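Me: I should like a close look at a single part of this structure, its nonpolar core. Please define each term as you proceed.

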Amino acid sequence: MIGPALLIAAATLVAPAASSTAATPARASAVSGSGAEVARTATSVPPGPRRYERRVVRHTNRARRAHDMKALRRNACLDLYAQRSADRIARSGRLTHQNLRPVLRRCGGWKVGENIAYGYQWPRWVVRAWMNSPGHRANILERRYRRIGVGVRADSNGTVWVSQVFAYRR
């Protein structure tokens, strides 16, 4: 049994002085779940939003450590923008990236990136899907990133929408 197609997208923005291209175009790609993943959801309950967020950070940091990289630290400002993004995409039912320029200005970043996804009931699955996608993987494994924010929202149908925002300072 194959689960429904799940979409994911990645975006990165560099401060204008750092690059002549302000943004990398976002690409959406389809990923399908395996029967094992679908079967597990019937017997267990996914974590609540705050626990889901913490686990996304934990799995993201595990992926970074597996590549000999420093762990990311949660940041309240980035959490705010990640949650706004998750709320917005859940409301609209569409994966679209937020404007990352305000994140640069308000959160004190030099470079910021965002990964978004929906349909993954388990944090491990969403991070695994991001790691299997070149653009998302590049965001997660960006050596200069030191901070992370995560937002999660379930829509009225119970579909989970996730955003993670990364940043580093000069």
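Reply: The following account describes the core and then two helices that contribute to it. This is a predicted model, in which local features need pLDDT of at least 70 and side-chain atom pairs count only at pLDDT 80 or more, while totals for chains, interfaces and linings use all residues. Residues are numbered from 1 along each chain as its sequence is written, and side-chain values use heavy atoms, leaving out hydrogens and water.

A nonpolar core is a set of buried Ala, Val, Leu, Ile, Met, Phe, Trp, Tyr and Cys residues joined through side-chain atoms within 4.5 Å. Buried means under 20% relative accessible area, exposed over 50%, and partly exposed in between (1.4 Å probe, protein chains only). The largest such core has 26 residues, and Y52, V126 and W130 have the most contacts inside it. At least two residues of this core come from each of α2 (49-65), α5 (123-131), β5 (147-154) and β6 (160-168); helices (H or I, at least four residues) and strands (E, at least two) are DSSP runs numbered from the N terminus. The largest share, six residues, is supplied by α5.

Helix α5 is largely enclosed by the rest of the structure, because seven of its nine residues are buried. Among them are W125, V126 and W130. Beyond its neighbours within four places in sequence, V126 is in contact (heavy atoms within 4.5 Å) with Y52, V56, A117 and Y120.

In α2, the buried residues include Y52 and V56. The buried residues of α2 are covered by elements including α3 (76-92), α5 and β6.
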